[in-house]
Amino acid sequence: MLVVIRGAGDIATGIALRLYRAGMHIVMTDIAAPTAIRRTVCFSQAIPLGSCEVEGIKAISAKTETDVEEILNESAIPVLVDPDCSCLAWLKPDALVDAILAKKNLGTAITDAPIVIGVGPGFCAKRDCHAVVETMRGHYLGRAIYDGEPIPNTNIPGLIGGYAGERVLRAPCDGVFRKILDIGTRVEAGDIAGTVNGEPMRCTIGGILRGILPDNTPVFQGMKSGDVDPRCALDHCFCASDKALSVGGGVLEAILHFAKGTESNGTGS
């Protein structure tokens, strides 16, 4: 199967890992200047770097149809700068997964591909897509929903190591972000991880810096710009999260559910 994934951030990358390992061909799309903070586990880094690897799987920047074909033949994942997903017209994939995680539908329609899967809030199964996968941490994380919507966005990050909102580092003002610390750095509360127009972005808890924006990223006040993992496990910075792989498992289930032509039982299981 050929699957196009809109978005190439950490959740989208976890989805790509699951599908790739299940034998599917993957093409990913993103914006020209990706804003994912967990850059060490994001295939979006193929855009600025030309190529990248996550858990031994390689992604390569692609610009043309020929590039995509050649990269797929290399058993790698092509990543296109294509925020509108116009590549659907010539790729004609078997399935489309919208994993932008914008908390709203930015234009994906149930008619875009034979199988269309939405990820997270903003999608309604049977209206916008054939199925939606839950992204809220907790009992329903990773569940494929075949009729209806996932849990609405709460704007509260999931609980990790006893912390929720405290984990997230946000831009202190509008401007251009400057990175001071690198991913994998051990931090304490009060440490300055970066600045925006000279104003510090401080850590509020101790742990390991699991994600941070690249230098020269335009930001707005309150924009998510970094992430501290209080569990202090360095290897967590370089492999897909439990959440990303759980969501990926739900996407894999939903694609196979429709690929085999079964009827939805409406239970979301």
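The chain holds five helices and 17 strands, where helices (H or I, at least four residues) and strands (E, at least two) are DSSP runs numbered from the N terminus. The model is a predicted one, in which local features need pLDDT of at least 70 and side-chain atom pairs count only at pLDDT 80 or more, while totals for chains, interfaces and linings use all residues. Residues are numbered from 1 along each chain as its sequence is written, and side-chain values use heavy atoms, with hydrogens and water left out.

**The whole chain**

Begin with the C-alpha trace, which spans about 55 × 40 × 30 Å along its principal axes. The radius of gyration, taken over C-alpha atoms, can be set against a globule rule of 2.2 Å times the number of residues to the power 0.38; for 269 residues a compact globule would be near 18 Å, and the chain, at 18 Å, agrees with that. Colouring by accessibility will show that buried residues make up 52% of the 269 residues, with buried meaning under 20% relative accessible area, exposed over 50%, and partly exposed in between (1.4 Å probe, protein chains only). The chain exposes about 11700 Å², of which carbon and sulfur atoms supply 50%; accessible areas come from the Shrake-Rupley method with a 1.4 Å probe, and for residues only the protein chains shown count as cover. Of the contacts with a separation of 6 or more, 53% are between residues 24 or more positions apart, a contact being heavy atoms within 4.5 Å.

**Strand 2 and its partners**

Next select residues 25–30, which form strand 2; five of its six residues are buried, so the strand is largely enclosed by the rest of the structure. Add strand 1 (residues 2–6), which pairs with strand 2 in the parallel sense over five bridges; two strands pair if DSSP finds at least two bridges between them. To check the register, display I5 together with its bridge partner in strand 2, M28. Following the chain from strand 1 leads through helix 1 (residues 10–21) to strand 2, a β-α-β crossover that is right-handed, in the sense that, with the strands pointing away from the viewer, the path from the first strand over the helix to the second runs clockwise. Strand 2 also pairs with strand 5 (residues 77–81), again in the parallel sense, over three bridges, and here D30 has V81 as its bridge partner.

Now pick M24, in the loop between helix 1 and strand 2. M24 has a relative accessible area of 7% and is therefore buried. Apart from neighbours within four places in sequence, M24 is in contact with M1, V3, L19, L252, I255 and L256. One of these, L252, is 228 residues away along the chain, yet the two C-alpha atoms are separated by 9.8 Å.

**The hairpin of strands 3 and 4**

Move to strand 3 (residues 51–54) and strand 4 (residues 57–62), which pair in the antiparallel sense over four bridges. In a regular strand the side chains alternate between the two faces of the sheet. In strand 3, C52 and V54 make up a covered face, while S51 and E53 make up an uncovered one. E53 stands opposite K58 in strand 4. Two residues lie between the strands of this hairpin, and E55 takes a positive phi near 50°.

**The aromatic pair**

Show the rings of Y146 and F258 next: a search of the whole structure finds one aromatic pair, and since the ring centres of Y146 and F258 are 5.7 Å apart with planes at 65°, the pair is edge-to-face. The criterion covers rings of Phe, Tyr and Trp (its six-membered ring) with centres within 6.5 Å, planes under 30 degrees apart counting as stacked, over 60 as edge-to-face and the rest as tilted. The pair links distant parts of the chain, 112 residues apart, with Y146 in the loop between strand 9 (144–145) and strand 10 (168–170), and F258 in helix 5 (residues 242–259). Y146 is buried at 1% relative accessibility, whereas F258, at 23%, is partly exposed.

**The four-stranded open sheet**

Finally, select strands 10, 17, 15 and 12, which form an open antiparallel sheet in the order 10-17-15-12. Strand 10 and strand 12 (186–187) are the edge strands, each pairing on one side only. Strand 10 is joined to strand 17 (residues 224–229) by three bridges, and L169 has G226 as its bridge partner.

End at T204, in the loop between strand 14 (199–202) and strand 15 (207–212). Beyond its neighbours within four places in sequence, T204 is in contact with E166, L169 and A189. From T204 to L2 the C-alpha distance is 43 Å, across 202 residues in sequence.
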